[in-house]
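Here is a short guided walk through one protein model. Keep the sequence and the 3D view open beside the text as you read.

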Amino acid sequence: VSTMGQDSPSSLKVATEPTFPPFEMQDQGTGELTGFDIQLMKAIGEAAELNIEFITLPFDGIIPALQSNTVDAAISGMTITAERAQTVSFSRPYFKAGLAIAVQDNNTNIQSFADLEGKRIAVQIGTTGAQEASTIEGATVSSFDSASLALQELINGKVDAVVNDGPVTLYAIKEAGLQGVKVVGELVTEEYYGIALPKDSPYLDDINNALGLLIQNGGYREVYQTWFAG
Ligand code: GLN
């Protein structure tokens with residue numbers, strides 16, 4: 001006797017890489033997950049009547065986990081790209097971001113992407129920043145497990161620049177008190193974050209509908225203002 005359809009999980013396992021403030025991070029004291037993506041995903045869970053269970057993974061482990069159905073979804077400041085969309089499905093975009101270049105405060109010779117030729121660059125592994133840096137002629141690219149480790153390398157003077165999501169680097173400088181580095185130039189790319197799901201996930205419509213509802217009813221705005229007030 002088939003029970004298919006009756007036992008569909010009401011609990012959604014959602015992967016995130018929690019060192020990407022203000023999108024996802026862990027409270028220093030309690031270890032609890034917090035941030036824009038976390039709050040948004042919880043609101044989506046409420047709207048879609050899905051119980052959200054977060055699973056923390058390295059960023060470059062997220063897509064493999066979706067492909068093997070180890071997790072049901074991922075929210076992790078993940079840029080919607082054509083390449084990723086070949087292996088996972090994306091929700092409608094929920095945040096506009098883009099890459100920014102960070103250098104040491106006293107640096108004057110790097111002002112744009114073109115100035116990165118032949119330079120030493122730190123990036124977070126598996127990210128669009130890593131991808132973009134790999135196209136720069138003569139550059140030496142070092143990969144780190146988190147954006148904050150890449151920024152630390154810059155502060156230590158071991159690299160000339162970091163290529164990372166602009167909102168995250170700016171938040172580190174302006175809100176988290178990271179000292180000795182600045183962002184130069186315009187955003188290098190225009191990127192949109194999406195929630196990633198396994199291909200042919202049954203939850204795609206639920207998540208898109210919930211996102212649409214939150215955008216309409218002010219729920220999204222509330223989350224946005226919590227993390228990007230100023
Ligand atoms: N938005 C970038 C990407 O998708 C970085 C994401 C991240 O480091 N969490 O590659």
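Two strands are said to pair if DSSP finds at least two bridges between them. With that in hand, we can start: in this predicted model, β2 and β3 pair in the antiparallel sense, over 2 bridges. One bridge partner to look up is M25 in β3, which sits opposite T19.

**A small sheet and its surroundings**

The β2 and β3 pair belongs to an open sheet of 3 strands, ordered β2-β3-β4, with antiparallel pairing. Why do β2 (19-20) and β4 (33-34) each have one side without a neighbour in the sheet? They stand at the edges and have a single partner strand each, so one side of each stays free of a neighbour in the sheet. As general background, the strands of a sheet pair through backbone hydrogen bonds, in either a parallel or an antiparallel way.

Q26 is a good residue to click on here, as it is part of strand β3 (residues 24-26). Is Q26 buried or exposed? Q26 is partly exposed, because 16 other C-beta atoms lie within 10 Å, while a buried residue would need 20 or more. Leaving out residues up to four places away in sequence, Q26 touches P18, G31, E32 and L33. L197 makes a useful landmark for scale: Q26 and L197 are 171 residues apart in sequence, and their C-alpha atoms are 23 Å apart in space.

**Some backbone details**

Most residues other than glycine have a negative phi, and most peptide bonds are trans. Against that background, look at P22, in the loop between β2 and β3. The peptide bond from P21 to P22 is cis, and its omega is near 5°.

Two other loop residues have a positive phi without being glycine: N69 and D200. The table puts them side by side.

| Residue | Phi | Loop | C-beta atoms within 10 Å |
|---|---|---|---|
| N69 | near 60° | between α2 (62-67) and β6 (73-74) | 11 |
| D200 | near 50° | between β15 (196-198) and α6 (204-217) | 7 |

N69 counts as exposed because it has 11 C-beta neighbours inside 10 Å. D200 is exposed too, because 7 other C-beta atoms lie within 10 Å.

**Two domains and where they meet**

Now zoom out. The domain assignment gives domain 1 (11-95 + 192-227) and domain 2 (99-184). Their C-alpha centres lie 25 Å apart. The contact between them takes 11 residues from domain 1 and 13 residues from domain 2. What kinds of residues make up the side of domain 1 that touches domain 2? That side divides into 6 nonpolar, 4 polar and 1 charged.

**Inside the protein**

Which residues of the largest nonpolar core touch the most other members? This core has 61 residues, and the ones with the most contacts to other members are A73, A74, A161 and V162. Helix α1 (residues 36-48) contributes the largest share, 6 residues. Both domains take part, since the core draws at least three residues from each of domain 1 and domain 2.

A74 is worth a closer look. Apart from its neighbours within four places in sequence, A74 is in contact with V14, A15, T16, I62, L66, I195 and A196.

Strand β10 (residues 120-124) is mostly covered, with 4 of its 5 residues buried. Unlike the pairing in the small sheet, which is antiparallel, β10 pairs with strand β11 (residues 140-144) in the parallel sense, over 5 bridges. There, A122 has S142 of β11 as its bridge partner.

Helix α5 (residues 166-174) also has buried residues: G166, P167, V168, T169, Y171 and A172. The buried residues of α5 pack against a mix of strands and a helix, namely β2, β8 (95-97), β9 (99-104), α4 (147-155), β12 (161-165) and β13 (181-184). That list brings us back to β2, one of the edge strands from the opening section.

**Around the ligand**

Which residues come nearest to the ligand? Of the 13 residues around the ligand, these are F20, G77, T79, T127 and T128. By class, the shell has 4 nonpolar, 6 polar and 3 charged residues. Like the core, this shell draws at least three residues from each of domain 1 and domain 2.

Definitions and conventions: Residues numbered from 1 in each chain as written. Predicted model: local features only at pLDDT ≥ 70, side-chain atom pairs only at ≥ 80, totals over all residues. Core = buried A, V, L, I, M, F, W, Y, C linked by C-beta atoms within 7 Å. Buried ≥ 20, exposed ≤ 12 C-beta atoms within 10 Å, placed from the backbone. Domains from an automatic or database assignment. Contact = placed C-beta atoms within 7 Å. Near = placed C-beta within 6 Å. Nonpolar A, V, L, I, M, F, W, Y, C, P; charged D, E, K, R; others polar.
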